Number of protein chains: 2
Amino acid sequence: MQPDEALARLRALGFGEGDARTLFAHFDDAERRGKAGHGYTRIEWLATLPDLDPSASPVLELERPGFERWDGRGALGYLTLAAICDHLVARRPEPARVVVARRCFPTGMLGHWVRRLADVGLVALLTATSPPRLPHPDGGPPLVGTNPLAIGIPSAQGAPIVADVSMGKTTYGDVIAGQASAEDLVPFGGEQAHKAFALALGLQLLVESVAGEDYGAFLVAVDPEHGPTDFRGRAGDVRLPGDR
Amino acid sequence: MQPDEALARLRALGFGEGDARTLFAHFDDAERRGKAGHGYTRIEWLATLPDLDPSASPVLELERPGFERWDGRGALGYLTLAAICDHLVARRPEPARVVVARRCFPTGMLGHWVRRLADVGLVALLTATSPPRLPHPDGGPPLVGTNPLAIGIPSAQGAPIVADVSMGKTTYGDVIAGQASAEDLVPFGGEQAHKAFALALGLQLLVESVAGEDYGAFLVAVDPEHGPTDFRGRAGDVRLPGDR
């Protein structure tokens, strides 16, 4: 699929121009980064969702000092996270804000969202839940989602440093893109898979504790006192997380 | 070393009764959980620290809505995290608080602190930095600490669920306890060690962005709307993170 076709298909699904462009930007970023499982293939997948509501929009439903809770209200999780990022850019944290989103699915390539915040100088940590796909390391049925953790850091040299780690050996996106086997939907780490399982479970229960049992997201954004980081200078010439 | 001797040695190092008992509780918890690297062996290690100041105490130096920054002021990181937990218990988050600690080292078994918060119904995520021990997966000098991530969740059945994951294949504590080889101080995950490296780096730069380049800690605590979790009931009879 070419970029023009991707954008046209999103419009054809019924999304307004702004939402279509927000979705396109995410899928196109994924394609450019070689993460096909989060790319254009998802547009065909969206068309198969029985309850897709292209007119739905998220709402900021609760504000407390340093805290926000959003409700996706049937909108795609991508659009909820985009709205949260817009709001953080417009009203920067002073200096920290915890943002919770309930009914927020799918959320895509989480690095996309924290990179956007890093581009305006904010440090962010983001996780999100998804259907149970990973079993306990001892076996059994799937108990936890691949529940990625993304951390974005503004960098004094070059692009932001963006860690974006799924707790699965592979991602569900890569499975539906035909690039990985469903058998690899286990916690990563081989002999130490209990570590990735523990992280996936901890992150899942963290999200559930604030967002309820629907899929949700948990974000912490900070306007940092120190930075942007000089880590690229310290590290020398190595590939760092988020580099293409 | 027996518990009585451990406590006596802490007093002999010059710690006041309250601090000695706080430190003992941490080391003793580590021993009981089979994490000898964070246990009594650390008491002998403390005695070797050239700048150990048993009279130092941390201070809450900056408060903003939903945010606190603490300065360890030369106190052991254990004592700074204990003071932060005391303060969170006394003044619960409404509903979320980001707490940063600078000059906060060593911090020990992070699960100990989030478990304490989970015991009073708070959900918490905690990370902390430590000296560079882990190289890039492609090799080279150590670039990042083992930078563990701990998440504690109150549970409706049984003990809290506590994920506490070091990003190293082994911990420095286990190396100094003689239970692991220094060669295993690499990111965990084998073929996917880039994932643990990315997490260790992201967490480290997150802490540095708020705490500066001294070692520090970053904690998010939430008084959750939902919970305690019923996950033990959903999961069936499996060993969950933090279970002995």
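This passage describes the sheets, selected helices and chain contact of a predicted model with chains A and B.

It is convenient to begin with the sheet of chain B. Seven strands might be traced in many ways, but here the open sheet of 7 strands in chain B follows the order 1-2-3-9-4-7-8, and its pairing is mixed. Strand 1 (59–64) and strand 8 (161–165) of chain B form the edges, each pairing on one side only. From one strand to the next, the twist averages 15 degrees. Within this sheet, strand 2 and strand 3 of chain B run parallel and are joined by 5 bridges. A useful landmark for anyone following along in the structure is B:D71, which stands opposite B:R102 in strand 3 of chain B.

Two helices of chain B can be placed relative to these strands. Helix 4 of chain B lies across strand 1, strand 2, strand 3 and strand 9, and runs at about 20 degrees to strand 9 of chain B. Helix 5 of chain B lies across strand 4 (123–128), strand 7 (149–153), strand 8 and strand 9, running at about 20 degrees to strand 7 of chain B.

Helix 4 of chain B merits a closer look. Spanning residues 77–90, this helix has 14 residues and reaches 20 Å from its first C-alpha to its last, close to the 20 Å expected at 1.5 Å a residue. Helix 4 of chain B is mostly covered, with 10 of its 14 residues buried. The buried set runs through B:G77, B:Y78, B:L79, B:T80, B:L81, B:A82, B:A83, B:I84 and B:C85, and also includes B:L88. These buried residues pack against helix 2 (17–32), strand 2 (67–71), strand 3 (96–102), helix 5 (110–118) and strand 9 (217–222) of chain B.

Chain A also holds an open sheet of 7 strands, in the order 1-2-3-9-4-7-8 and with mixed pairing. Strand 1 (59–64) and strand 8 (161–165) of chain A each have a single partner strand, so one side of each is left without a neighbour in the sheet. Neighbouring strands of the chain A sheet are turned by 15 degrees against each other on average, direction ignored. Strand 1 and strand 2 of chain A run antiparallel and are joined by 5 bridges; in strand 2 of chain A, A:W70 is the bridge partner of A:L60. Helix 4 of chain A packs on the sheet, where it touches strand 1, strand 2, strand 3 and strand 9 of chain A, its direction making about 20 degrees with that of strand 9. The sheet of chain A also receives a helix from the partner chain: helix 7 of chain B packs on it, touching strand 4, strand 7, strand 8 and strand 9 of chain A, at about 130 degrees to the direction of strand 8 of chain A.

This leads to the contact between the chains, which takes 48 residues from chain B and 48 residues from chain A. On the chain B side, strand 3, strand 4, strand 6 (139–144), strand 7, strand 8, helix 7 (193–211), strand 9 and helix 8 (231–235) each supply at least two residues. Helix 7 of chain B gives the most, with 11 residues. The chain B side divides into 29 nonpolar, 12 polar and 7 charged residues.

Finally, chain B is superposed on chain A by a rotation of 180 degrees with 0.0 Å of shift along its axis (RMSD 0.0 Å), which is the relation of a two-fold axis. The C-alpha of B:G189 is the one nearest the axis in chain B, 1.9 Å from it. Of the interface residues of chain B, 100% are also interface residues in chain A, so the copies meet through the same surface.

Notes. Residues numbered from 1 in each chain as written. Chains lettered and ligands numbered in written order. Predicted model: local features only at pLDDT ≥ 70, side-chain atom pairs only at ≥ 80, totals over all residues. Helix = DSSP H or I, 4+ residues; strand = E, 2+ residues; numbered from the N terminus. Expected span 1.5 Å × (residues − 1). Buried ≥ 20, exposed ≤ 12 C-beta atoms within 10 Å, placed from the backbone. Contact = placed C-beta atoms within 7 Å. Pairing = 2+ DSSP bridges. Axes fitted to C-alpha atoms, helices over the stretch in contact; angles between N-to-C directions. Nonpolar A, V, L, I, M, F, W, Y, C, P; charged D, E, K, R; others polar. Least-squares fit on C-alpha atoms with pLDDT ≥ 70 in both.
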